[in-house]
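Here are some notes on the backbone, packing and overall make-up of the structure below. Please read them alongside the coordinates.

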Amino acid sequence: MITAATRSTLHENVLKQLCAAIESGQWAPGSGLPSELDLARQFKVSRNCIREVMKVLANRGIVRAKPGSGTFLSENAKALLHFTKSDKYIFDKINLKELIETRCLVEGQIAYYAAKRGSEEDFVRLESLLYETEDLDASHEMHVRFHEGLAEISGSRLLKRLLKSIQNEISVQREQYKELHTAGLKNLMYSHSELLHHLKAHDPKGARKAMVNHIVAVWSTIFGVPLDI
């Protein structure tokens, strides 16, 4: 039976409950799952929270999205869940500072190569993803699309894969500190604009530094102290 998620660990709580529901046979293999909106109402969380949880399950092959049709449970969902759920693999929590350090390494280098390899058209498309908003869900979605777009422009398949490998943990941390993220929204557009300036100037070192500053600034805002990266 699905219940409202606790406020302290929304992402993990929803993920565990959905996995338990799948294991109990609440949905038949291959069947469609409730919509994001329906699940958000049942769990009493945002649609963005449900979307991030579904990304975790999709990356494990437990669910699959069919554009225009919805999200469906894989035929072998139970077996995959049993294999991956060894709680350390799917639910383990990574130290936040470690995550920031890893993001700076991966995304800093993505920005470096994007500045070297990107075209003017690439940067115009990237800039079109940015917009001012005080809506947390919309802001987070914009943020994710911007960083994914930058990885595409970098032209490095391995860096894209590395970014994808840590996106689940980024989503977990984002949900955990979501309410504290509000203060960082005002600085979000500025740091993205600063990064775009270096990208358009084809300044790889400046772009890498701007990306690192962006990542560190967002989380420094959350904790109220500078992070030594």
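1. Lys44 has a positive phi of about 60° and comes just after helix α2. The model is a predicted one, and that applies to this angle as to every other value here.

2. Helix α2 covers residues 36-43, and its buried residues are Leu39, Ala40 and Phe43. Viewed down the axis of α2, the buried residues fall within an arc of 100°, so they line one face of the helix. Buried here stands for under 20% relative accessible area.

3. What do the buried residues of α2 pack against? Their partners are two helices, α1 (10-23) and α3 (47-59).

4. Strands β1 (residues 63-66) and β2 (residues 70-73) run antiparallel and are joined by four bridges. Within this pairing, Arg64 has Phe72 of β2 as its bridge partner.

5. Three residues lie between the strands of the β1 and β2 hairpin, where Gly68 takes a positive phi near 85°.

6. The protein chain has eleven helices and two strands. Their order from the N terminus is α-α-α-β-β-α-α-α-α-α-α-α-α.

7. Of the 229 residues in the protein chain, 46% count as buried. Its accessible surface comes to about 12,000 Å², and carbon and sulfur atoms account for 54% of that.

8. How are the contacts in the protein chain spread along the sequence? Taking contacts between residues at least 6 apart in sequence, 73% join residues at least 24 apart.

How values were computed. Residues numbered from 1 in each chain as written. Predicted model: local features only at pLDDT ≥ 70, side-chain atom pairs only at ≥ 80, totals over all residues. Heavy atoms only, no water. Buried < 20%, exposed > 50% of the residue type's maximum accessible area, 1.4 Å probe, protein only. Arc of directions from axis to C-beta. Contact = heavy atoms within 4.5 Å. Pairing = 2+ DSSP bridges. Areas by Shrake-Rupley, 256 points an atom, 1.4 Å probe, with all protein chains shown as cover.
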